[in-house]
Every structure is written in C-alpha cells, then in structure tokens.
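Biologist: I'd like to go through this one with you and ask, label by label, what earns each name. Can we take it slowly?

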Amino acid sequence: MTDFNDKFMALTDEFPYIRFVSAKIDADRLKVTLAAVYKKSREKDFTENKNRILAQAAKLLPPSARIELSASPSVFTSGEVMRCALDYLHRESAYVFAAVAKENVVIQTGDDPFISIGLPADVAEYAHAENIDSGLKKYIDAHLFSDITVRITAREEDMEAVRKVLTASTHRPKFSYERPEEGRRINPAGRTPYYGEAIEGSAQYICDCIEPGYTTLYGTMSDVKIHEYTPKKAQSEDEKRKFATFFLDDGTGKIRCVFFPGAKSQGALKYFIDGATVIAEGKLDYDERLGDGSLQFRLTRISGCEKANYKVNNVVRLVDDRYVCVHPKKYVALSQSYLYSGRRAPLTKEPLVVFALLTSSQSKYAPGELIEIGAAKMVDGVITETFESLIRPHVEMTEEARLAAGLLASDLAGKPTYEQVVPDFYKFFDGYTLTAFPIDWNINVLRPCFDKLHIPMPPLAEITKYADASLLRAARPKNTRRAMPAAEAYAKILANI
C-alpha cells in the first residue's frame with residue numbers, strides 16, 4: 001500500500017495521522033474495502049473527518065467502485081514491525097536486505113519498543129555509514145505511528161558450527177527411472193592392457209557420472225595433450241616426467257580426464273592419441289582447477305578395446321514428485337493491481353519464468369560454480385510466485401570471492417548443492433518459457449547442470465524482445481550481485497510496474 005499512501009498524501013496533507021495498510025477487492029460487486037490505522041491520540045479527529053478521508057481515497061479509485069473504510073487505532077505487532085523493516089530495506093538497500101537473517105532480528109513491542117538487527121561486520125559498518133538505522137526508524141515511526149528504537153549491530157560467526165555443517169554428509173538427490181529394465185552399461189570387446197592388467201567388466205555411461213566415486217568408463221579419446229613436470233622427489237633438477245590430459249566421449253557425454261603413469265611406465269603414454277578407443281578405471285572427483293562444480297576422471301588403469309556398437313537408450317531420470325530443498329513462495333503485491341496502480345498493460349502476457357544466477361566468480365569467461373538461483377513466475381503479465389535458493393559449491397570459495405558476492409561462509413553452510421536445487425527449479429519452471437538477461441550467459445551456466453541431471457532444456461526466449469536492454473540494465477540493483485533482486489527487477493519491467 002506504499003504507493004497508495006503516497007498518492008493519498010499528495011492529494012491532501014490534512015490527515016497525517018492515518019495510513020492505509022491493506023485493501024480487499026470484490027470484483028463481482030465492484031466493492032473495495034480499505035483497511036487503515038490511525039494514531040490513537042487523534043481518534044477524535046479521525047471520527048469527525050472519516051467521510052472526508054473516504055471521499056479523498058475514492059478519488060484514487062475507479063468511479064464505478066463502491067468504497068468502504070475499516071479503521072482502528074495503531075497497535076503494532078512484532079510481525080508488522082518485521083514486515084515494515086524488510087519493506088524499507090528492500091527498497092533502500094538491497095545489499096543490507098540480502099544480509100538480514102530473520103533469526104538475527106530481535107523485536108520487542110510494548111514498553112520501550114525496539115528492533116535489533118544483527119548483520120555481518122562489514123555489512124553493519126556499511127549500514128551505519130549510510131544511516132540505514134535512522135532512516136529505518138523514521139520509516140517505521142511514520143507507518144506504524146510508533147516511537148521505536150532501531151539498533152544495527154555486528155554479529156560474529158560461530159566458525160565451529162559453520163565447519164560442522166560444511167563437513168556434514170550431503171543429501172543425495174533421489175531419482176526414478178522411466179525404464180529401469182533397460183540397464184545403462186557398455187561392454188566393449190577386444191581388451192588390450194595399456195597400463196596395468198586388462199580391465200574386465202562393463203563401463204558406466206558418462207552421462208550418469210553425477211557424483212564423486214570410483215568407476216569404469218569407456219569412450220573415444222580427443223584433445224590429447226602430453227605435459228611435463230618435475231616430481232616432488234626428483235633425484236635432480238633435470239629429472240622430468242610426463243602426464244596426459246584428454247577428453248573421453250562415449251556418445252552419452254564427455255568428461256575431462258588426467259593420467260599420471262609411474263616412473264617406470266612412462267611408455268604407456270604412446271597409446272594416448274586422438275581417436276583411440278579405450279576403457280579405463282579410476283576415480284571421479286570435483287575439478288579443483290576449474291572450480292565450477294564439474295567432475296574430472298583420474299585414471300588408475302587403462303586398456304585398449306574395440307569400438308562398441310550400441311544404441312544409446314535414452315532413459316529419462318525423473319525428479320521426485322515433492323520438493324526436496326526449495327519451496328516456491330507466492331508473490332503478493334498490491335502494486336500489480338490495475339485497480340490501484342493505474343499502470344499500463346504489461347509488456348507481455350506470455351507464461352514466463354524470469355531468472356537470474358549468481359556464480360562463484362565475477363569473470364564472464366570463467367563464471368565458476370553456480371551458488372544462487374532467483375526466479376519469478378509470470379502469468380498474464382503478473383508475478384505469481386518466486387523461487388530462490390543459495391547453493392553450496394563443491395569447491396570451497398575463497399574469502400575474497402565470497403565477499404565479492406556479498407556472502408559469508410555461514411550463508412552457504414548447510415545449503416543444498418546444485419544437484420538438489422536444480423530438480424526443484426525444473427519443477428518450478430516446467431511448462432513455462434525461461435528468460436534471463438543476458439540469456440546466453442545464464443543458459444551456459446545452467447546447461448551443464450541440466451545435462452548432468454538429465455533435465456530437458458525448456459523453451460527459451462530473449463528477454464530483449466519484450467523490453468529494451470537499456471531498461472533492463474537500469475533496473476538491475478547496483479549495490480548487490482544477489483540473484484533474487486535482479487530476477488524480481490527484470491520481472492517488474494515486463495509487468496510494467
């Protein structure tokens with residue numbers, strides 16, 4: 001109701017002691033019921049001027065609507081203080097808003113009311129420098145007719161608790177298979193040992209490699225490179241050894257591989273050539289060098305084999321029927337109502353999900369791991385639901401990278417991994433068209449996650465076909481890199497709010 005109050009005060013300054021807090025619309029009867037609060041000490045003034053207040057409010061509504069006013073003295077609750085505080089912070093400082101954790105907000109009503117907000121030390125310092133506390137006090141006092149004390153304090157992290165959560169075992173995403181009886185293994189013939197004994201048994205599909213562990217893979221080598229290095233226990237400075245890096249492709253997927261032969265087995269590298277068909281044993285682990293959450297395969301044994309002729313059975317991995325980690329939230333904003341805002345028609349009525357991402361790196365060429373998804377669902381040009389979640393990266397972020405993203409270690413502690421969040425995100429956008437700004441960069445970050453989890457790519461749309469890029473750039477919050485404020489800002493542009 002903030003916009004409605006601003007418009008009402010612009011019409012007249014006779015009634016500074018009243019604030020409208022909500023509205024109920026009965027479209028069938030063309031009836032609008034306004035709820036308001038007034039300063040208790042001005043109850044007599046309100047009673048004498050109720051009809052005049054109603055007449056002024058009616059000027060902001062369509063002439064065909066029948067207006068009723070329900071008002072009561074302002075007796076604020078902790079919930080109202082919390083909503084008022086979050087509304088102010090969201091409007092004035094997305095940087096501070098993103099750092100507010102509800103468990104670190106203490107509110108006392110009654111005698112000597114106060115609100116105390118605990119923020120990370122650097123965010124608290126910024127809030128004091130920008131006078132967020134005094135601005136918040138004025139905002140709450142004006143909207144709730146209170147005299148409430150606002151305290152912004154720096155909170156310390158319990159690093160032991162953070163460490164426990166970070167090292168705790170992670171939840172494994174549950175999947176079901178459409179056709180489990182088909183099996184997903186490759187069994188090539190003609191095994192020839194290249195390093196170690198000849199490998200027996202069948203190989204796993206590369207596209208099924210979604211978590212660390214020991215496995216056997218089959219495929220064709222490509223982009224083979226031989227590198228030299230000096231071993232740690234070298235007898236002389238001139239002693240060099242070699243290792244190989246390459247990609248392995250079995251037709252279902254491609255994975256980065258590395259192979260370090262022993263000192264007496266350097267000759268095995270002669271078999272490493274582009275186009276060679278091999279079967280290999282080794283360990284899957286997260287690639288620390290790239291730091292984007294992708295897996296690499298470190299070989300321990302490798303054998304040559306014949307090319308396997310097989311048809312890739314496109315078994316679809318389906319997510320659970322229930323949300324495991326992230327639950328969408330209904331989006332309610334009176335400013336979306338044509339009746340009150342008087343805004344123009346939305347720029348599009350297509351069923352869209354507008355999303356934004358945050359990654360562990362600021363480089364657009366090497367964005368690193370996905371660490372946050374924020375999205376807004378739009379139906380008929382109106383925002384109906386939002387979806388947001390922080391994501392714990394597989395490769396630990398540096399302190400510098402976390403601060404650049406506006407995060408603390410505790411913000412990511414205990415959060416789900418992208419293997420858990422992306423299936424929930426799929427259920428949120430399934431049946432809608434995905435759009436983002438810019439669409440190419442965001443899809444390039446999401447696509448490897450979708451491919452690894454066998455999630456089909458949805459229809460995509462260039463957001464610039466609905467709104468000019470200059471509008472979208474201006475709408476993105478400047479004081480935060482967080483995903484949800486950006487997604488909401490873009491959605492509001494399309495909704496023409």
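**Labels and the numbers behind them**

Modeller: Sure. Start with Glu281, which has a relative accessibility of 21% and counts as partly exposed. Keep in mind that this is a predicted model.

Biologist: Why is Glu281 called partly exposed?

Modeller: Buried needs a value under 20% and exposed needs one over 50%. Glu281 comes in at 21%, so it lands in the class between.

Biologist: What makes the contact of Arg301 and Glu281 a salt bridge?

Modeller: The cut-off is 4 Å from a side-chain nitrogen of Lys or Arg to a carboxyl oxygen of Asp or Glu. The N to O distance for Arg301 and Glu281 is 2.8 Å, so the pair qualifies. The two partners come from distant parts of the chain, 20 residues apart, with Arg301 in strand β15 (residues 295-304) and Glu281 in strand β14 (residues 277-286). Arg301 is partly exposed as well, at 22% relative accessibility.

Biologist: How do you know that Lys283 and Asp285 meet in a salt bridge?

Modeller: Their N to O distance is 3.9 Å, and the limit is 4 Å, so the pair passes. Lys283 has a relative accessible area of 34% and is partly exposed; Asp285, also at 34%, is partly exposed.

Biologist: What about Lys465 and Glu350, what makes them a salt bridge?

Modeller: Again the value is 3.9 Å, N to O, which fits within 4 Å, so the label holds. This pair spans 115 residues: Lys465 sits in the loop between β22 (460-462) and α13 (469-475), and Glu350 in the loop between α8 (338-341) and β18 (352-359).

Biologist: Is Lys465 buried or exposed?

Modeller: Exposed, because its 56% is over the 50% mark. Glu350, at 30% relative accessibility, counts as partly exposed. A search of the whole structure gives seven salt bridges.

Biologist: On to the rings. How many aromatic pairs are there?

Modeller: The count is 16. Take Tyr195 and Phe259: their ring centres are 5.0 Å apart and their planes meet at 80°.

Biologist: Why is the pair of Tyr195 and Phe259 called edge-to-face?

Modeller: Two checks. The centres have to lie within 6.5 Å, and the planes have to be over 60 degrees apart. With 5.0 Å and 80°, Tyr195 and Phe259 clear both, so the pair is edge-to-face. Tyr195 belongs to strand β9 (residues 192-195) and Phe259 to strand β13 (residues 254-259), so the pair ties together parts that are 64 residues apart in sequence. Phe259 is buried, because its relative accessible area is 0% and the class needs a value under 20%.

Modeller: Tyr229 and Phe243 make another edge-to-face pair, at 5.8 Å centre to centre and 70° between the planes. Tyr229 is in strand β11 (residues 213-229) and Phe243 in strand β12 (residues 241-249), so this pair joins parts 14 residues apart in sequence.

Biologist: Why is Phe243 called buried?

Modeller: Its 15% is under the 20% line, so buried it is. Tyr229 has 23%, so it counts as partly exposed.

Biologist: Which residues do ring pairs link into a cluster?

Modeller: Phe355, Phe387, Phe425, Tyr426, Phe428, Phe429 and Phe450. The charged end of Lys377 sits over the ring of Phe428.

Biologist: How do you know that Lys377 sits over the ring of Phe428?

Modeller: The distance to the ring centre is 4.5 Å, and the limit is 6 Å, so that part of the rule is met. Lys254 lies over the face of Phe247 too, at 5.6 Å from the ring centre.

Biologist: Now the empty spaces. How many cavities of 30 Å³ or more turn up?

Modeller: Two. The second largest has a volume of about 60 Å³. Its lining includes Tyr95, Pro120, Asp122 and Leu403, and α4 (94-99) and α5 (121-129) are the elements that give two or more residues to that lining.

Biologist: What makes up the lining of the second largest cavity, by class?

Modeller: Seven nonpolar, one polar and two charged residues.

Biologist: And which residues lie nearest the centre of the second largest pocket?

Modeller: Asp292, Ser294, Pro448, Cys449 and Lys452, out of 34 lining residues. That pocket holds about 830 Å³ of space. The largest share of its lining, nine residues, comes from α12. By class, the lining has 19 nonpolar, seven polar and eight charged residues.

Methods:
Residues are numbered from 1 along each chain as its sequence is written. Side-chain values use heavy atoms; hydrogens and water are left out. Helices (H or I, at least four residues) and strands (E, at least two) are DSSP runs, numbered from the N terminus. Buried means under 20% relative accessible area, exposed over 50%, partly exposed in between (1.4 Å probe, protein chains only). Rings of Phe, Tyr and Trp (its six-membered ring) pair if their centres lie within 6.5 Å; planes under 30 degrees apart count as stacked, over 60 as edge-to-face and the rest as tilted. A charge sits over a ring if NZ of Lys or CZ of Arg is within 6 Å of the ring centre and within 35 degrees of the ring normal. On a 1 Å grid over the protein atoms alone, a cavity is a set of points where a 1.4 Å probe fits but cannot get out, and a pocket is an open set with protein on both sides within 12 Å along at least five of seven lines; lining residues have an atom within 4 Å of a point. Grid points are joined across faces, edges and corners, and a volume is the space filled by probe spheres set on the points. Ala, Val, Leu, Ile, Met, Phe, Trp, Tyr, Cys and Pro count as nonpolar, Asp, Glu, Lys and Arg as charged, and the others, Gly among them, as polar.
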